Amino acid sequence: MLKVPPAPEPPTFDANVRKEGERAIKEMVGEGAARRGRPRTNFGTRDAIPSEKFTDYWTRALGDLKTAYNYICAYSCFHIHDVTGDATVDHFIPKEWRTV
């Protein structure tokens, strides 16, 4: 069985994904400052936010993740070619790391 070890977190991940996502969630529950433009709906609690309301900040890290994993899927160990379509983040960040 081939193993793909976890790659280090991309250097821009915290600023571009984690902090932006947390800011958006805080705004959607009325905890944070509102962004410019149309205000987000206040859902009251984090658990009340429907999944389709989350902005896809993870895609900002996709290029760095492809490079860090050398275009190898962390699930299947297959090489992901840009010609066949763009990879998604879940190819590189599995929900659970299994050790066998």
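This passage describes the side-chain pairings and selected burial values of the structure above. The model is predicted, and local features are reported at pLDDT of at least 70, side-chain atom pairs only at pLDDT 80 or more, while totals for chains, interfaces and linings draw on all residues. Residues are numbered from 1 along each chain as its sequence is written, and side-chain values rest on heavy atoms, with hydrogens and water left out.

Charged pairs are a good place to begin. Side chains of opposite charge can pair when their charged atoms come close. Here a salt bridge is counted when a side-chain nitrogen of Lys or Arg lies within 4 Å of a carboxyl oxygen of Asp or Glu. Seven such salt bridges are found in the structure. One of them joins the side chains of D14 and R18, with an N to O distance of 2.8 Å. Both residues belong to helix α1 (residues 13–28), where a spacing of four residues puts them about one helical turn apart. Helices are taken as DSSP runs of H or I with at least four residues, strands as runs of E with at least two, and both are numbered from the N terminus. D14 is partly exposed at a relative accessible area of 26%, and R18 is also partly exposed, at 40%. For these labels, buried means under 20% relative accessible area, exposed means over 50%, and partly exposed covers what lies in between (1.4 Å probe, protein chains only).

Helix α1 also holds the salt bridge between E20 and R23, at 3.1 Å from N to O. These two residues are three apart in the helix, again about one helical turn. E20 has a relative accessible area of 26% and R23 one of 30%, and each is partly exposed.

A further salt bridge reaches beyond the helix: the closest N and O atoms of R46 and E22 are 2.6 Å apart. Because R46 sits in the loop between α1 and α2 (62–68) and E22 in helix α1, this pair ties together parts that are 24 residues apart in sequence. R46 is partly exposed at 36% relative accessibility, as is E22 at 30%. Elsewhere, E9, D14, R18 and K19 are joined into one network by salt bridges that share partners.

Burial of a charged residue can be followed at E27, which is placed in helix α1. E27 is buried, with a relative accessible area of 6%. Leaving aside residues up to four places away in sequence, E27 is in contact (heavy atoms within 4.5 Å) with G32, A33, A34, R35, P39 and R40.

Turning to aromatic rings, the structure holds one aromatic pair. Rings of Phe, Tyr and Trp (its six-membered ring) are paired if their centres lie within 6.5 Å, with planes under 30 degrees apart called stacked, over 60 edge-to-face and the rest tilted. The ring centres of F13 and W58 are 5.1 Å apart and their planes meet at 55°, so the pair is tilted. F13 lies in helix α1 and W58 in the loop between α1 and α2, so parts 45 residues apart in sequence are tied together. F13 is buried at 8% relative accessible area, whereas W58 is partly exposed at 37%.

Finally, zero disulfides are found in a search of the whole structure, a disulfide being a pair of cysteine sulfur atoms within 2.5 Å. The sulfur of C73 has its closest cysteine sulfur in C77, 7.4 Å away, which is too far for a bond. C73 is buried at 3% relative accessible area, and C77 is buried at 19%.
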